[in-house]
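Visitor: Could you take me on a close look at the empty space inside this protein? I work at the bench, so please go slowly and point to the residues as you pass them.

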Amino acid sequence: MMREWTGDGQRLDVILSQDGELSRSRAAALIKEGCVRVNGRAEDKPAMKVPVGALIQLDMPEAKPAKAQAQDIPLQILYQDEDLAVVVKPEGMVVHPAAGNDDGTLVNALLYHLDSLSGIGGEMRPGIVHRLDKDTSGLMLVAKNDQAHGALSDQLANREMEKHYRAIVYGKMKESAGIIEKPIARSKNDRKKMAVDPEGRWALTEWRVLQEMHDRTLLDVHIVTGRTHQIRVHMSSIGHPVLGDVIYGHKRMPVVSRLMLHAYSLAFTHPRTGERMQFTATCPFSEE
């Protein structure tokens, strides 16, 4: 498919991405692959300043088949259209194929279930906008094309997306609600873990008590930032780790069947229509 632009003095990759159809990184990759001509000449430098009035042509290649294979894995899809889908990831499912988990992942399931998938970054694959740990269940937002992926990722980065979790934590809270504002970084002692660290990235978690039980509390948790393991690290740091957390918990906690953490609600603005959308996914370990 051939697309055309007119030069305006800006960088070539900026011009190709300014209408929102391509991310800047994707535009740069296409330029380097030799897919772009300026006034009929092949151009492979994304930083080239294009003269005003110059004709820019992009020969958009067909999306390549995804490396991951589609698999008929049961998956709850709450919503989908030509741009995005909202799905419920089950507890225990890995999001991306990787060493040791090359199938049975959320991506494998999405490749089977989603329709009108035009691909991300030149590959026929879903765009994962935000991630959940393997042992966390709940809502995930998936983009079907580069434009939607870029716009939704921007919302996430700009904190325009609102995410609430349900968590059962150890012990009883002293207050009915609270805020945890502590920076998080990779642990210096164990690179597989995260930790509160003054040199880490700013992280903010808001929590509210929903129900108190004998030795545990059900919380609504709103994450303002989205750091790796943020809820688990923050709750552990105040002495109330999430039940079932074998990484950040402790031996005094009661034994439970799973990590008691569930992505319960998600709100975002649709990248094409501008409509504010909100979804909820019933919590598997609490009745409300």
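**A look at the cavity and the pocket**

Guide: Asp 83, Gln 147, Ala 148, Pro 271 and Arg 272 line the largest cavity, so let us start there, bearing in mind that the model is predicted. Sorted by character, that lining has 2 nonpolar residues, 1 polar residue and 2 charged ones. The space held in the largest cavity comes to about 30 Å³. If you go looking for others, the structure holds 1 cavity of 30 Å³ or more. As for how such spaces are found, rolling a probe the size of a water molecule over the atoms shows where empty space is left.

Now let us move on to the pocket. The largest pocket has a volume of about 1,000 Å³, and 38 residues line it. To find your way to the middle, look for His 130, Arg 131, Leu 132, Gly 226 and Thr 228, which lie nearest the centre of the pocket. Several elements give two or more residues to this lining: the strands β9 (127–128) and β11 (162–170), and the helices α4 (146–157) and α5 (230–237). Of these, α4 supplies the largest share, with 4 residues. In chemical terms, the lining of the largest pocket divides into 17 nonpolar, 12 polar and 9 charged residues.

While β11 is in view, follow the chain onward into the loop between β11 and β12 (177–181), where you will find Glu 175. Is Glu 175 buried or exposed? Its relative accessibility is 53%, and because exposed means over 50%, Glu 175 counts as exposed. Leaving aside residues up to four places away in sequence, Glu 175 touches Trp 207 and Val 209. Glu 199 makes a useful landmark too: 24 residues separate Glu 175 and Glu 199 along the chain, and their C-alpha atoms are 28 Å apart.

One last stop is a sheet. Here 4 strands form an open sheet, in the order β1-β4-β2-β3, with antiparallel pairing. Its edge strands are β1 (2–6) and β3 (41–42), each of which pairs on one side only. In general, strands of a sheet pair through backbone hydrogen bonds, either parallel or antiparallel. Between β1 and β4 (residues 55–59), which run antiparallel, there are 5 bridges. For a pair to pick out by eye, try Trp 5, which stands opposite Ile 56 in β4.

Definitions and conventions: Residues numbered from 1 in each chain as written. Predicted model: local features only at pLDDT ≥ 70, side-chain atom pairs only at ≥ 80, totals over all residues. Heavy atoms only, no water. 1 Å grid on protein atoms, 1.4 Å probe; cavity = no way out; pocket = protein on both sides within 12 Å on 5 of 7 lines; lining within 4 Å. Points joined across faces, edges and corners; volume = space filled by probe spheres on them. Nonpolar A, V, L, I, M, F, W, Y, C, P; charged D, E, K, R; others polar. Pairing = 2+ DSSP bridges. Buried < 20%, exposed > 50% of the residue type's maximum accessible area, 1.4 Å probe, protein only. Contact = heavy atoms within 4.5 Å.
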